[in-house]
Amino acid sequence: MNLARFPRIRLGHLPTPLEPMEALSRHLGGPKLWIKRDDCTGLSTGGNKTRKLEFLMAEALGLKADIVITQGATQSNHARQTAAAAAKLGLECLILLEDRTGYADPAYRMSGNVLMDKLHGAQVSRRPGGADMQAEMEAVAANLTARGRRPYVIPGGGSNPVGALGYVNAALELVAQAAEIGLRIDHLVHATGSAGTQAGLVAGLVALNSGIPVLGIGVRAPKPRQEANVLALAERTAAHLGLPGLIRPEHVVANCDYVGQGYGIPTQGMVEAVRLVAEKEGILLDPVYSGKGMAGLIDLIGQGRFGKEENIVFLHTGGQAGLFGYPEAFGLPPELG
């Protein structure tokens with residue numbers, strides 16, 4: 001599995017740290033928790049999309065694109081990192097933001113990731129909830145092409161076989177780090193949404209014959225649809241690597257019990273998980289992805305789903321900038337006089 005044959009531009013601070021969460025492990029009474037810090041990839045406060053963009057932006061430059069188009073929810077981490085990557089590489093960036101929550105709060109609509117999108121010089125265009133965002137991007141791209149521009153369209157989350165190569169690479173990185181410190185990884189857990197991160201991890205870890213099972217904690221779709229999306233993309237990613245037929249349905253597992261009322265809508269479990277990890281480990285999770293992913297992991301630990309001596313790696317997908325879009329969710333106590 002030679003990733004060097006695929007075009008790539010280095011955008012991230014890699015490898016990201018693999019660290020024990022000793023205080024959280026003690027608090028929960030086991031298992032042994034570790035965290036893979038993909039919130040530390042460096043590009044515009046970091047996050048998992050940076051890995052995908054290393055391959056996607058390389059393809060865009062290879063096609064002589066002069067503008068990239070992508071889409072996401074209002075507080076999209078992917079949009080922020082795409083805007084930053086485009087700025088770094090001298091490309092224009094157009095972001096279509098879908099209103100998936102109906103929140104009108106100015107903090108949600110204008111702060112956090114949205115503020116950073118604009119600081120990176122991206123053009124932002126809003127779309128209503130339920131819009132066919134892929135069709136919206138294609139229509140914008142066709143209009144730009146007709147005007148002599150060379151647009152490159154990146155799917156939501158950077159989730160296609162090219163973008164998923166970023167998490168094939170992360171699988172290689174994680175296995176090497178674990179081998180270096182003698183760590184047996186019993187489970188890898190992360191928040192799963194647009195499917196690219198989980199699909200890349202599954203393809204990479206299966207190709208390496210690592211024996212590491214991946215559990216995606218869903219943040220948007222019901223379990224059948226989430227697993228189908230991940231499986232389809234993992235199969236396409238393996239084929240892109242030259243390994244067709246590698247991925248089987250049993251390689252893909254998602255738990256979608258922690259979505260709550262919907263994508264981007266806070267849950268009490270998420271709030272408690274974000275607070276707990278901040279207080280015990282000094283690490284900030286985000287309200288949309290890693291917060292719900294950690295809430296799921298903590299609840300599953302409480303149910304006894306993992307052995308007390310097992311080593312569980314939680315992949316932190318980043319997104320802390322989104323916290324600024326959800327001030328009311330955390331209802332922090334007032335300052336003392």
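Which residue does UniProt list for "active site" in an unreviewed entry? The residue is S76; UniProt positions follow the numbering used here, and annotations may be inferred rather than shown by experiment.

This is a predicted model in which local features need pLDDT of at least 70 and side-chain atom pairs count only at pLDDT 80 or more, while totals for chains, interfaces and linings use all residues. Residues are numbered from 1 along each chain as its sequence is written, and side-chain values use heavy atoms, with hydrogens and water left out.

**View 1. Surroundings of S76.** S76 lies in the loop between β3 (67-73) and α3 (77-89); helices (H or I, at least four residues) and strands (E, at least two) are DSSP runs, numbered from the N terminus. S76 is buried at a relative accessible area of 5% (buried is under 20%, exposed over 50%, partly exposed in between; 1.4 Å probe, protein chains only). Not counting residues up to four places away in sequence, S76 touches L97 and N113 (heavy atoms within 4.5 Å).

**View 2. The salt bridge of E92 and R149.** The side chains of E92 and R149 meet at 3.2 Å, N to O (a salt bridge is a side-chain nitrogen of Lys or Arg within 4 Å of a carboxyl oxygen of Asp or Glu). E92 is in strand β4 (residues 92-98), and R149 is in the loop between α6 (133-146) and β6 (151-153), 57 residues apart. E92 is partly exposed at 37%, and R149 is partly exposed at 22%.

**View 3. The salt bridge of E98 and R100.** The closest N and O atoms of E98 and R100 are 3.0 Å apart. E98 is buried at 5%, whereas R100 is partly exposed at 22%.
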